[in-house]
Amino acid sequence: MGKKMKRKNAGKKGRFNICVIGAGYVGLVVASCFAKLKNKVICVDSNQEKVKLLKQSKIPNFEPGLPAIIRDAVKKKRLSFTTSISEAVKKSDIIFIAVGTPPRKDGEADLSAVENVARTIAQSLDSYKLIVEKSTVPVQTGIEIKKTILRYTSKRNKDFDVASNPEFLREGKAIDDFLYPDRIVIGVETKRAEKILKKLYEPIKAPVLVTDINTAEIIKHASNSFLATKISFINAVARVCEEAGADVRKVAEGIGMDARIGRRFLDAGIGFGGSCFPKDVEAFIGISKKLGYRFNLLEEVKNINISQRRHLVSKIKEELWIIKDKNIAVLGVSFKPDTDDVRESPSIDIINYLLEEGAKVRVSDPKALSKASELLKGAHFCKDPYIAVKNADCLILATEWKEFAELDFRRIKRLMRYPFIADGRNFLDRDKLRRAGFKYIGIGR
Ligand code: UDX
Ligand code: UDX
């Protein structure tokens with residue numbers, strides 16, 4: 001640890017001055033959890049409006065448990081917000097990069113924000129800093145960050161390390177995933193960087209895996225791609241179950257009881273969405289190709305995933321024959337429950353297919369309507385799910401919010417024009433609904 005770092009932390013044994021660049025879904029959780037662990041954290045974002053809101057303790061994203069942690073950390077003066085990277089870097093020992101890495105048109109990750117941030121960090125270096133990539137990036141990005149910093153920093157300030165410390169935070173469960181992770185992965189080039197990161201994570205009781213930077217980067221892409229593969233695998237099995245008259249939920253249970261396979265991430269349905277799996281699978285295919293390997297397995301994972309969305313619509317067509325002018329209620333528009341995030345949400349695609357066919361679509365969601373309304377043109381948004389289902393010919397369950405399981409389905413049956421439920425997540429009680437007089441279809445059963 002550098003002398004200056006020791007001095008700054010005098011009296012606060014083991015705790016650090018940290019800066020987290022990017023106050024998005026990931027950055028904000030990382031910043032507030034490190035503050036909760038008694039570090040002093042400055043969170044930076046280039047979006048002035050966002051920083052203004054955060055300074056008033058208004059949280060831009062819905063993440064359970066996050067507002068309370070932020071309010072407490074701000075009150076204890078352990079967390080603050082700014083738009084100035086250079087101000088934050090100068091006051092920090094460890095710098096986390098958590099800006100967006102969205103997909104480009106060709107599928108590769110757009111790393112321009114990461115490069116931009118690396119350049120600004122380079123110009124602000126004044127003592128030893130540990131620069132950690134938190135955003136999900138293709139392998140060899142760490143090397144490029146290091147080169148960029150060396151290119152733009154002045155000759156006197158070359159005392160820094162770059163490290164990779166991928167996040168495994170599920171939206172909606174991000175706080176628990178941060179504080180109680182299965183593992184912490186640290187990709188480093190020096191003992192100094194390893195020591196600092198181990199010390200930083202000391203309060204979290206989890207196994208720490210130390211690797212080189214390239215390996216840590218691949219661990220992240222391979223983890224998400226493997227989980228996505230599990231989902232597409234069970235969705236392919238679901239298609240066979242439909243044809244054979246078997247129940248994919250029981251199949252998942254049966255294969256999942258084998259400890260080598262495991263039951264988690266084997267829920268068949270309309271497939272995976274969100275800002276991570278689709279983008280990371282695409283980016284892993286992209287970087288593999290660039291390195292000379294065609295990852296055809298992942299191409300198929302992607303194809304199966306997308307086909308599930310159309311598949312649900314064709315099953316609805318089998319029942320309703322014509323979609324044009326039908327009233328369709330869609331319950332759930334976020335890519336999964338407990339988040340307001342609609343990025344790459346399967347529900348959005350399904351709604352668009354239905355709109356293209358001339359359906360009248362009403363959408364309800366506990367948290368995501370405002371974000372969805374920015375993306376969807378032509379659908380109607382109803383806070384109240386009972387208004388969404390009024391006169392509907394079909395109810396699609398697209399996101400398994402627990403609120404939807406608690407609805408009064410007797411009332412829904414009275415409100416619908418034709419009591420038909422297409423459960424895209426195998427979430428509702430099929431037998432109960434059928435007994436109540438609904439026509440019910442699920443996926444793979
Ligand atoms: C991040 C990573 O980008 C992604 O690779 C990882 O897989 C998940 O975590 P996320 O937190 O979901 O994604 O992104 P987003 O919510 O879009 O937040 C990114 C934030 O960075 C935004 O608030 C944006 O304003 C900010 N940003 C972006 C900057 O501060 N500076 C920039 O140059 C670009
Ligand atoms: C993911 C990773 O799980 C997490 O470690 C981090 O790297 C960020 O990306 P997240 O995108 O928040 O987290 O959600 P996750 O719970 O993994 O679900 C992703 C998608 O898969 C959702 O659309 C969900 O509905 C779908 N899914 C998940 C299934 O379709 N079936 C399953 O069995 C599990």
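**View 1. Polar contacts of ligand 1 in the predicted model.** The side chain of Lys50 places an N or O atom 2.6 Å from an oxygen atom of ligand 1, a polar contact being a pair of N or O atoms within 3.5 Å, with the added conditions that within protein one atom must be able to donate a hydrogen and the other to accept it, and that residues adjacent in sequence count only if both atoms are side-chain atoms. Backbone atoms take part as well: a backbone N or O atom of Ser46 lies 2.9 Å from an oxygen atom of ligand 1, and a polar backbone atom of Tyr25 is 3.1 Å from an oxygen atom of this ligand. Of the 680 Å² of accessible area that ligand 1 has on its own, the protein covers 84%, where accessible areas come from the Shrake-Rupley method with a 1.4 Å probe and, for residues, only the protein chains shown count as cover.

This is a predicted model, in which local features need pLDDT of at least 70 and side-chain atom pairs count only at pLDDT 80 or more, while totals for chains, interfaces and linings use all residues. Residues are numbered from 1 along each chain as its sequence is written, chains are lettered from A and ligands numbered from 1 in the order in which they are written, and side-chain values use heavy atoms, with hydrogens and water left out.

**View 2. The shell around ligand 1.** Ligand 1 is surrounded by 20 residues, of which Val26, Asp45, Lys50, Val99 and Thr101 are the closest; a residue is near a molecule if one of its heavy atoms lies within 4 Å of it. The shell divides into six nonpolar, nine polar and five charged residues. Because domain 1 (14-211) and domain 2 (222-300) both give residues to this shell, ligand 1 lies between them.

**View 3. The interface of domain 1 and domain 2.** The centres of domain 1 and domain 2, taken over C-alpha atoms, are separated by 29 Å, and their contact (heavy atoms within 4.5 Å) takes 14 residues from domain 1 and 11 residues from domain 2. Across this interface the rule finds one salt bridge, and the side chains of Lys290 and Glu108 meet in a salt bridge at 3.6 Å, N to O, the term requiring a side-chain nitrogen of Lys or Arg within 4 Å of a carboxyl oxygen of Asp or Glu.

**View 4. Ligand 2 and its surroundings.** Among the 19 residues around ligand 2, those that come nearest are Glu171, Asp267, Gly273, Phe335 and Lys336. Polar backbone atoms lie 2.7 Å from an oxygen atom of ligand 2 at Glu171, 2.9 Å at Phe335 and 3.0 Å at Gly273. The protein covers 92% of the 660 Å² of accessible area that ligand 2 has on its own.

Terms used:
Ala, Val, Leu, Ile, Met, Phe, Trp, Tyr, Cys and Pro count as nonpolar, Asp, Glu, Lys and Arg as charged, and the others, Gly among them, as polar. Domain bounds come from an automatic or database domain assignment.
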